Amino acid sequence: MSLLKVLTKYSLIIGIIAMVLLVVGTVLEGGSLLQKLLFVIGAPALGFTAYLNKQKMFITLQTVVTIGAILAFFGNLPAILRYVVMVGSGVFGIGYLIKTDYFKEDVWWPLGGLGLLSIAVGFATNTAAYPILFNSLLGAGGVLVALYSAIGFFYFKVRIAAIWLVLNIVFSINPLIIVFSQILS
C-alpha cells in the first residue's frame with residue numbers, strides 16, 4: 001500500500017490530532033510562543049487532512065489559517081501589509097473556489113467562504129487596538145464555518161467535517177464571550 005493511501009486511511013486520526021493541537025492553542029495565552037507553534041503545526045496538518053479527503057473548502061480555509069499562523073511570528077509587520085496578505089489570501093481562496101466551479105459540488109460553500117473571509121480579516125486586525133472588531137470577526141467567522149461544517153457532516157455525511165464543526169465551535173466561544181461582555185457592560 002502506498003504512503004498516500006495509508007495517510008488517507010488514517011486521515012481522520014491525523015485531523016483529530018491537528019484539531020486537538022488547535023483547540024489547545026485557542027485556550028492558551030494569546031500571542032504566546034506555544035500558541036503560535038501549535039497553530040503553525042496544527043493548521044497545515046488539518047489542511048493536509050482536507051487535501052487527503054478532497055475537501056476544497058477546508059483546504060482553502062486551512063491555507064488562509066496557515067498564512068495567518070505564519071504571520072503571527074512577524075508581529076512588527078505594518079497593519080496594511082497584514083491586511084493585504086490576509087484579505088488577499090482570503091479573496092484568492094474564494095476566487096479559486098469560483099474558478100473551479102465549486103458551487104456545482106457544494107451549494108453551501110458561500111457560507112463557509114464568508115466565514116473564511118471573516119477569519120482572514122480578523123487575523124489581520126490588531127487585537128490590542130480593536131478588540132471588539134477582532135473578536136467579532138473571529139467569532140462570526142468561526143460560527144459561519146461551524147454552520148457550514150454542520151451541514152457537511154449532518155446533511156452530506158462528510159465525516160471529517162465534524163473536525164471543523166467542533167474546532168470552530170470551540171474557536172468561536174472566547175471571542176463571542178469577549179464581544180458580548182463588552183457590549184453588555
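Which residue forms a salt bridge with aspartate 101, and how far apart are the closest N and O atoms? In this predicted model, the partner of aspartate 101 is lysine 104, and the closest N and O atoms of the two are 3.8 Å apart.

**Salt bridges and the loop between α5 and α6**

The structure holds 2 salt bridges. Besides the one already described, the side chains of lysine 56 and glutamate 105 meet with an N to O distance of 3.3 Å. This second pair links distant parts of the chain, since lysine 56 belongs to helix α4 whereas glutamate 105 lies in the loop between α5 and α6, 49 residues away. Aspartate 101 is likewise found in the loop between α5 (79–99) and α6.

Lysine 104 counts as exposed because its relative accessibility is 63%, and glutamate 105, at 52%, counts as exposed too. Aspartate 101 is partly exposed, with a relative accessible area of 31%.

**Positive phi angles**

Most residues other than glycine have a negative phi. Two residues of this model have a positive value although neither is a glycine: aspartate 101 and lysine 157. The latter lies in the loop between α7 and α8, and with 62% relative accessibility lysine 157 counts as exposed. The table sets out the two angles.

| Residue | Phi | Location |
|---|---|---|
| Aspartate 101 | about 55 degrees | loop between α5 and α6 |
| Lysine 157 | about 60 degrees | loop between α7 and α8 |

**Helix α8 and its packing**

Helix α8 covers residues 161–184, and its 24 residues should span 34 Å at 1.5 Å a residue; the C-alpha atoms at its ends are 33 Å apart, which agrees with that expectation. The helix nevertheless has a kink of about 30 degrees at isoleucine 173, shortly before proline 175.

Proline 175 is itself among the buried residues of α8, which also include Trp164, Leu165, Leu167, Asn168, Phe171, Ser172 and Val179. An α-helix has 3.6 residues a turn, so residues three or four places apart point the same way. The buried residues of α8 pack against several other helices, namely α2 (11–27), α3, α4, α6 (109–124) and α7 (131–155).

**Glycine 142 in helix α7**

Where is glycine 142 found? Its place is in helix α7, and at 0% relative accessibility glycine 142 counts as buried, because the limit for that class is under 20%. If neighbours within four places in sequence are left aside, glycine 142 is in contact with Ile119, Asn168, Phe171 and Ser172. Asn168, Phe171 and Ser172 are listed among the buried residues of α8, and the contacts of glycine 142 with them fit with the packing of buried α8 residues against α7. The C-alpha atom of glycine 142 also lies 6.4 Å from that of glycine 115, although the two residues are 27 places apart along the chain.

**A nonpolar patch on the surface**

On the surface, Leu33, Leu37, Ile41, Ile70, Phe73 and Phe74 form a nonpolar patch whose accessible area together is about 550 Å². Helix α3 (residues 33–52) contributes the largest share of this patch, with 3 residues. Isoleucine 70 is placed in helix α4 (residues 56–71), the helix to which lysine 56 of the salt bridge with glutamate 105 also belongs. With a relative accessible area of 40%, isoleucine 70 is partly exposed, and it can therefore count towards a patch, for which over 30% is required.

Definitions and conventions:
Residues numbered from 1 in each chain as written. Predicted model: local features only at pLDDT ≥ 70, side-chain atom pairs only at ≥ 80, totals over all residues. Heavy atoms only, no water. Patch = residues over 30% accessible without salt bridge, like charges linked within 9 Å, V, L, I, M, F, W, Y side chains within 5 Å. Areas by Shrake-Rupley, 256 points an atom, 1.4 Å probe, with all protein chains shown as cover. Salt bridge = Lys/Arg side-chain N within 4 Å of Asp/Glu carboxyl O. Helix = DSSP H or I, 4+ residues; strand = E, 2+ residues; numbered from the N terminus. Buried < 20%, exposed > 50% of the residue type's maximum accessible area, 1.4 Å probe, protein only. Expected span 1.5 Å × (residues − 1). Bend = angle between axes of the 7 residues up to and from the residue. Contact = heavy atoms within 4.5 Å.
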